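Got the viewer open? Load the model, switch to a cartoon view, and keep the selection box handy.

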Amino acid sequence: MASFKLSMDSRRAQTHERNPIVIRLTHKGQSTSISTNVKLTPNEWDQAKGKVTKAHPDFKTLNIHLKNRLLSLEKKALELPSTFDGASAGEFKDALLNKKKVTDITFKEFASKEIQTLRDQERFGNAKSYEAALNRLTKFTGNALPLNKINYTLICDFEAHLLKDGLTKNSVAVYMREVRALLNKAIKKDLLDKATYPFNKYIIKGEKTVSRAITKDDLEKIRCQALIAGSKLWHSRNIFFLIFNLIGISFIDLALLTNDSIQNRRIVYRRRKTGKIYSIKLTAEAESLLNFYRGESKYLISSFNLDSVSKQDEIEMIHQKLKVCNKYLKDLGKLVSLPIPLTTYVARYSWANIAKASGYSKDLIAEALGHEYGNAITGIYLDSYGDEVIDGVNEKVNQFQNELI
């Protein structure tokens, strides 16, 4: 017979040290938890008695709420048909909560709904990443793979399959992170029991790649290379240095900058990948380049021709333009005999490399790039640098002898 007990889940400390109060369901030697949507600090909860203490101002109301929730589940358990006597704890929980059994939900069914939700939110980049992982996994397992059958063994077999297909460890890691993100969403929606979660054991492993940074001398070579004004090589070089001047802004964020992104001679935008807001002072060169590319379009880089493109097609079009830009940058890199292929992402790495060579600390560089260096607490301290300090770093890094336009 199933048993129920109120308990504080203190495995992961929550904000202000508040931890969720859950109902522990034990059935057939297995245990799972049911949310109560109540969070308390340790001194507001008596674990032995399973009650809210007087330290909480509404302890009486909360205790009544939790007791009623517990009694409701115990009553439902008694009303379940005897066929559930042999069910797992997860299946018993699903029956109590009137949820579709996990065994009835396929990974493809769940992932497809999540992908559609992202598209509805116009988060097409994330949707595309999830879809790529979905296609890879279902190609390996078939479309009928149940959510709860994605275990440690299957993930290891999937990894071996991808490596055998010729993917690098870093490419495999990308797919694994997307699968992990989808399974985490399934757990949060109570569609998947944590007991079957494979990423408690499986560690996503990448490998160190060759540095994608070039020196300031290399950048001077690129600047000095004679190019035909208006050619694809010439425009690609301009875009590269615009990215460099804007502290390694991603190509997609650059393409989506609008006239409203310029505020008091600063570029202000929200990065699509992280949601973090950036405010970057325009260098003289960045201002010159943006003025050159501004036109009738609402976008700052009018030559990308995004005004008449739908939101869904917008990202795909930007990816195509990125491929073209990188193609010509690689040609440019060969012209000046660079040691690595030149791409737009080299601008970001090189900005950080030159800042480090100029004597700036790793935490300041991380703050400039929008990273939290070390951990979240360190990230809070980094806010004290302020825009003026980062503006000074960017001005120093962007001191070149030759002008582009």
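Start by selecting residues 19–27, strand β2, together with β3: the two run antiparallel and are joined by 9 bridges. This is a predicted model, so read everything below as a description of the prediction. For one rung of that ladder, pick Ile23 and look across to β3, where Ile34 stands opposite.

Now add β1 to the selection. You have an open sheet of 3 strands, ordered β1-β2-β3, and the pairing is antiparallel. Residues 3–8 (β1) and 30–40 (β3) are the edge strands, each pairing on one side only. Ignoring direction, neighbours in this sheet are turned by 25° against each other on average.

Next, show residues 59–79. That's helix α1, which packs on the sheet and touches β1, β2 and β3. Compare its direction with that of β3 and you get an angle of about 150°.

Stay on the helix and click Phe59, which lies in α1. What does Phe59 contact once its neighbours within four places in sequence are left aside? Show Val52, Thr53 and Lys54 to see the answer. Then draw a C-alpha to C-alpha distance from Phe59 to Glu44: the two are 15 residues apart in sequence and 8.3 Å apart in space.

Time to jump along the chain to another sheet. Select β6, β7 and β8: these 3 strands make an open sheet in the order β6-β7-β8, with antiparallel pairing. Residues 262–263 (β6) and 277–281 (β8) sit at the edges with a single partner strand each, so one side of each has no neighbour in the sheet. Strand β7, residues 266–270, is joined to the antiparallel β8 by 5 bridges. For a pair to label here, try Tyr269 and its bridge partner in β8, Tyr278.

Last stop: the largest pocket, with about 1700 Å³ of space. Where is its centre? Select Ser129, Lys273, His319, Leu322 and Tyr345, the closest to the centre among the 41 lining residues. To see which helices contribute, colour α4 (124–141), α6 (169–188), α9 (251–255), α11 (311–335) and α12 (344–357); each supplies at least two residues of the lining. If you then colour the lining by residue class, you should find 17 nonpolar, 14 polar and 10 charged residues.

Terms used
Residues numbered from 1 in each chain as written. Predicted model: local features only at pLDDT ≥ 70, side-chain atom pairs only at ≥ 80, totals over all residues. Heavy atoms only, no water. 1 Å grid on protein atoms, 1.4 Å probe; cavity = no way out; pocket = protein on both sides within 12 Å on 5 of 7 lines; lining within 4 Å. Points joined across faces, edges and corners; volume = space filled by probe spheres on them. Helix = DSSP H or I, 4+ residues; strand = E, 2+ residues; numbered from the N terminus. Nonpolar A, V, L, I, M, F, W, Y, C, P; charged D, E, K, R; others polar. Pairing = 2+ DSSP bridges. Axes fitted to C-alpha atoms, helices over the stretch in contact; angles between N-to-C directions. Contact = heavy atoms within 4.5 Å.
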